[in-house]
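Okay, thanks everyone. I'll put the model up, and then we'll go through it piece by piece.

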Amino acid sequence: MQMDRDLLYRLIEAAVGTVDSHWQELTALDQAIGDGDHGAGMKRGFDAVMADADKLAEQPLPATLTAIGRTLVMSMGGASGPLYGTFFMELGKSLDAAPDRAALNAGFTRALAAVAARGKSEPGQKTMLDVLAPVSAALDAGADAGTVARVAHDAAEATVPMLALRGRAAFLGERSVGHMDPGARSSSLIIGAVCAVLEE
Ligand code: ADP
Ligand code: MG
Ligand code: MG
């Protein structure tokens with residue numbers, strides 16, 4: 001994939017844009033089964049990324065991704081800050097400047113594994129992994145951008161009936177059932193926004 005400055009900038013802008021237009025929804029989701037800070041944390045983190053977008057987009061893809069991860073770790077806080085940070089930093093470590101589709105799939109798989117290791121978690125526990133894992137599988141299966149976006153969206157919806165076994169929501173036990181996981185939703189939003197740009 002040709003990762004020129006313009007495409008990188010548009011990808012960053014799209015990711016930040018979807019967080020900025022949905023952060024209140026993320027707040028409401030986290031108010032239901034967490035402590036209500038996921039929307040504000042995501043907005044703070046992604047607004048910090050946007051503040052550096054010009055500089056970020058000028059670097060080679062691995063440096064851009066690593067810097068995004070570092071910014072998220074420093075600015076987001078909560079459980080999700082280090083996890084999102086890990087995802088982007090590992091992706092930055094795994095990809096070269098012009099990854100082909102196979103490299104992208106492999107990089108996504110490694111980033112997913114790094115998040116799982118960091119969170120001591122696995123898919124099926126009502127977390128962001130329940131979006132990242134099916135997206136990784138769809139990528140490996142050769143899905144196009146539109147399909148990947150739909151998989152991500154449906155996977156977030158599919159966390160509604162799940163019982164939370166990790167993160168704050170796990171303290172609620174059965175009361176976590178019936179609500180979408182905030183981190184799964186934010187992951188689906190970002191993946192959807194990135195896919196929409198790649199589909200253009
Ligand atoms: P906090 O719970 O510390 O307030 P956030 O509200 O920012 O953090 O993020 C909560 C989200 O983080 C959850 O909805 C879930 O998707 C994700 N999460 C929390 N703990 C884990 C974990 N151990 N592994 C994977 N994801 C997790
Ligand atoms: Mg929270
Ligand atoms: Mg918190």
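So, to start: how much of the chain over residues 6-196 is helix, and how much is strand? Helix makes up 72% of that stretch and strand 0%. The C-alpha atoms at its two ends are 15 Å apart. Why pick that range? I took it from UniProt, where an unreviewed entry places the feature "domain: DhaL" at residues 6-196. And please keep in mind that this is a predicted model.

Let's take the helix pairs, beginning at the N-terminal end. Helix 1 covers residues 5-33 and helix 2 covers residues 38-51. Their axes are 7 Å apart, and the packing angle is about 165°. Anything over 145 degrees counts as roughly antiparallel, so that's what we call helix 1 and helix 2. The crossing here is left-handed. On the helix 1 side, the contact includes Ile12, Ala15, Val16, Val19 and Trp23, while helix 2 brings in residues including Met42, Phe46, Val49 and Met50. There are charged residues in there too, among them Asp20 and Asp30 of helix 1 and Lys43 and Asp47 of helix 2. By class, that contact comes out as twelve nonpolar, four polar and four charged.

Now stay on helix 2 and look across to helix 5, residues 80-94. Here the axes come within 11 Å and cross at roughly 40°, so this pair is oblique. The handedness is right-handed. From helix 2 we have His38, Gly41 and Gly45, and they meet Ser80, Gly81 and Tyr84 of helix 5. What classes do the residues of that contact divide into? One is nonpolar, five are polar, and none is charged.

Next, further along the chain, helix 7 and helix 8. That's residues 129-140 against 145-157, at an angle of about 150° and with the axes 9 Å apart. So helix 7 is roughly antiparallel to helix 8. Helix 7 passes helix 8 in a right-handed crossing. In the contact, Asp130, Val131, Pro134, Val135, Ala138 and Leu139 sit on the helix 7 side, facing Thr147, Val148, Val151, Ala152, Ala155 and Ala156 of helix 8. The class count there is ten nonpolar, one polar and one charged.

Last stop, the ligand. Which residues are closest to ligand 1? They're Gly78, Gly119, Thr127, Gly167 and Gly183, out of 23 that surround the ligand. Helix 2 and helix 5, the oblique pair from a moment ago, each supply at least two residues of the shell, and so does helix 9, residues 182-199. Helix 9 has the largest share, with three residues. Split by class, the shell around ligand 1 has six nonpolar, ten polar and seven charged residues.

That's my tour, so over to you.

Key. Residues numbered from 1 in each chain as written. Chains lettered and ligands numbered in written order. Predicted model: local features only at pLDDT ≥ 70, side-chain atom pairs only at ≥ 80, totals over all residues. Axes fitted to C-alpha atoms, helices over the stretch in contact; angles between N-to-C directions. Helix = DSSP H or I, 4+ residues; strand = E, 2+ residues; numbered from the N terminus. Parallel < 35°, antiparallel > 145°, perpendicular 65-115°, else oblique. Left-handed = near helix turned anticlockwise from the far one by under 90°. Contact = placed C-beta atoms within 7 Å. Nonpolar A, V, L, I, M, F, W, Y, C, P; charged D, E, K, R; others polar. Near = placed C-beta within 6 Å. UniProt positions renumbered as here; feature names shortened; annotations may be inferred.
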